[in-house]
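Colleague: Could you pick one part of this model and walk me through it closely? I'd like the cut-offs spelled out as you go.

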Amino acid sequence: MGSGGGRVRGGRQGIRQAYSPGTPTPGPGADQGSRLQGLFLLVVGDSAFALLLPGAIWESAAVAIDSCSFSNREVKCDGDGWEGEFFPGISKIKYEGPSSKNPLSFKWYNAEEEILGKKMKDWFRFSVAFWHTFRGTGADPFGAPTKSWPWEDGTNSLEMAKRRMRAHFEFSEKLGVDKWCFHDKDIAPDGKTLTETNANLDAVVALAKELQERTKITPLWGTAQLFLHPRYMHGAATSSEVGVYAYAAAQVKKAMEVTHYLGGENYVFWGGREGYQTLLNTDMGRELDHLASFLQAAVNYKKKIGFNGTLLIEPKPQEPTKHQYDWDAATAFAFLQKYGLSGEFKLNIECNHATLSGHSCHHELETARINGLLGNIDANTGDPQIGWDTDQFLTDIGEATLVMLSVVRNGGLAPGGFNFDAKLRRESTDVEDLFIAHISGMDTLARGLRNVAKLIEDGSLAELVRKRYQSFDTELGALIESGKADFETLEKKAIEWGEPSVASGKQELSEMIFQSVL
Ligand code: XUL
Ligand code: CO
């Protein structure tokens, strides 16, 4: 890599000119410069995903082609127009320990250190989410994008996609994270046809493969984005339109092939629009049958291409739809059982989704774990005063400790891991904030793991729970737990024993023990 600040070859003005033929008519905010004008109009409806793309993706082929057609001026189609490092002032982030005041260092996460019999890096298997870190613009339904990363030129061109991919690998390498997650649409622009779109994806994937080989960073999971484009307004697998169902299948087929090719270890299904706005116009039973057929076809295709990764369903109760079918872990489990799919899928639990469904993240993790379904964690958190999916980096040490309790009980998450499905706040606009946010999230979870090790070593919480159920460590308890205690036997015991004694639940003591390790 070159030294010094990176720059767009030929200067930014040239790229702005290249973009102008495909730039939508400026709306409010036109005084913010042509780059922001192009982005601003795209802030539509859904707050979480309007941010993903700095261009209307269904128009992006035109943008990509325009961009390339200007190659005889400033922009080179075969290169990516960027020289030097993307993060020139930042070197590899190191562990400096809790007393360090350096924001660009780890205080608690020490990748090679062994805790509870495993290296920290193996407990976590951290991953950078491409869509937030490299496509998040800071836009919200009321405001234009706030980030202006130096490598972005305002286009959704193929050249821009390649440059962004190189920035991503440099970022992850410097952060010391060796996994990444992506949607098909995050990494490559759409073409005018499905065939053209797939060709664009192949071009970016070829570069990603090369960068992966050089850096040893591989996908934790890949997925298809089936929620931004207007064709998916009624859903993808649950759309009332058979043509949309087929299109979604084609998209998943390709995304699965790409994930497999890149050595991805999992594949995620988040049904952002698999739900309804009103039951008055919805045949819920038929839609759920369609979703099951879709997932069964995905299982069949996975086997056909020899992809051994885990398929993961990511529950979320609502947003963008009023009601999403994969409401929470228990609902997803019931769905998988009903359709005979339980052996084929695990769950990707996202903490902010858990709280939106009225549960804690710990509850969702435990529900998945006790049913053998805990496959991956989308590590983030919500805001207690905001009722939507804010996708913040997790900074609450207590919450992180509870999360790690489940992960340790699960024996880890591999082949899953912790994907930072989290984004910078709109107001955080420095390039270094991207590093600081991830470092903070990693350190918080590392503290959680260290706290769990203290809890286990102390042993008193486990002892409290053991004692609480000790009345079942008896002959009758064993009979009940083996499913052999009939009502007549139980009635006989109840009469013989009289009024049962009921011990204290010791909630405050359990909380005191928990607090003592934070
Ligand atoms: C949406 C969400 C998605 C999925 C992948 O809330 O979490 O980013 O993780 O589609
Ligand atoms: Co997620």
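Modeller: What follows is a close look at the barrel and the pieces around it.

First, the ground rules. This is a predicted model, so local features need pLDDT of at least 70 and side-chain atom pairs count only at pLDDT 80 or more, while totals for chains, interfaces and linings use all residues. Residues are numbered from 1 along each chain as its sequence is written, chains are lettered from A and ligands numbered from 1 in the order in which they are written, and side-chain values use heavy atoms, with hydrogens and water left out.

The protein chain has 19 helices and 16 strands; both are DSSP runs numbered from the N terminus, with helices (H or I) of at least four residues and strands (E) of at least two. Of its 518 residues, 53% count as buried, where buried means under 20% relative accessible area, exposed over 50% and partly exposed in between, using a 1.4 Å probe and protein chains only. Take contacts (heavy atoms within 4.5 Å) between residues at least 6 apart in sequence: 77% of them join residues at least 24 apart.

Now the barrel. Eight strands close up in the order E7-E8-E9-E10-E12-E14-E15-E16, with parallel pairing; two strands pair if DSSP finds at least two bridges between them. Neighbouring strands of this sheet are turned by 30° against each other on average, direction ignored. Axes here are lines fitted to C-alpha atoms, for helices over the stretch in contact, and angles run from 0 to 180 degrees between N-to-C directions.

Strand E8 (residues 179-183) is a good place to zoom in. Three bridges tie E7 to E8 in the parallel sense, and Val128 stands opposite Trp180 in E8. On to E9 (residues 218-223): that strand pairs with E8 over five bridges, also parallel, and His183 has Thr223 in E9 as its bridge partner. In a regular strand the side chains alternate between the two faces of the sheet. In E8, Lys179, Cys181 and His183 point one way, Trp180 and Phe182 the other way, and all are buried.

The loops leading into E7 and E9 each hold a backbone oddity. Most residues other than glycine have a negative phi. Arg125, in the loop between helix H4 (120-124) and E7, has a positive phi near 50°. Lys216, in the loop between helix H8 (194-215) and E9, also takes a positive phi, about 65°, although it is not a glycine. Their surroundings read like this: Arg125 is buried at a relative accessible area of 13%, whereas Lys216 is exposed at 62%.

Go to the E15-E16 pair next. E15 (residues 374-378) and E16 (residues 418-420) run parallel and are joined by two bridges; Asp378 has Asn419 in E16 as its bridge partner. Helix H15 (residues 431-458) lies across E7 (126-129) and E16, at about 150° to E16.

Helix H14 (residues 397-409) is worth a look too. Its 13 residues reach 18 Å from first C-alpha to last, close to the 18 Å expected at 1.5 Å a residue; that expected span is 1.5 Å times one less than the number of residues. At its start, a side-chain oxygen of Asp396 comes to within 2.9 Å of the backbone nitrogen of Gly398. H14 is mostly covered, with 10 of 13 residues buried, including Glu399, Met404 and Leu405. Just after H14, Gly411 takes a positive phi of about 75°. The loop between H14 and E16 also holds Pro415, and the peptide bond from Ala414 to Pro415 is cis, with omega about 5°. Another cis bond joins Glu319 and Pro320, with omega near 15°; Pro320 sits in the loop between E12 (310-313) and E13 (323-324).

One last helix: the end C-alpha atoms of H9 (residues 242-261) are 29 Å apart, which agrees with the 28 Å its 20 residues should span. Its buried residues include Val244, Ala248, Gln251 and Lys254. Gly263, which follows H9, has a positive phi near 80°.

Terms used
A polar contact is a pair of N or O atoms within 3.5 Å; within protein, one must be able to donate a hydrogen and the other to accept it, and residues adjacent in sequence count only if both atoms are side-chain atoms.
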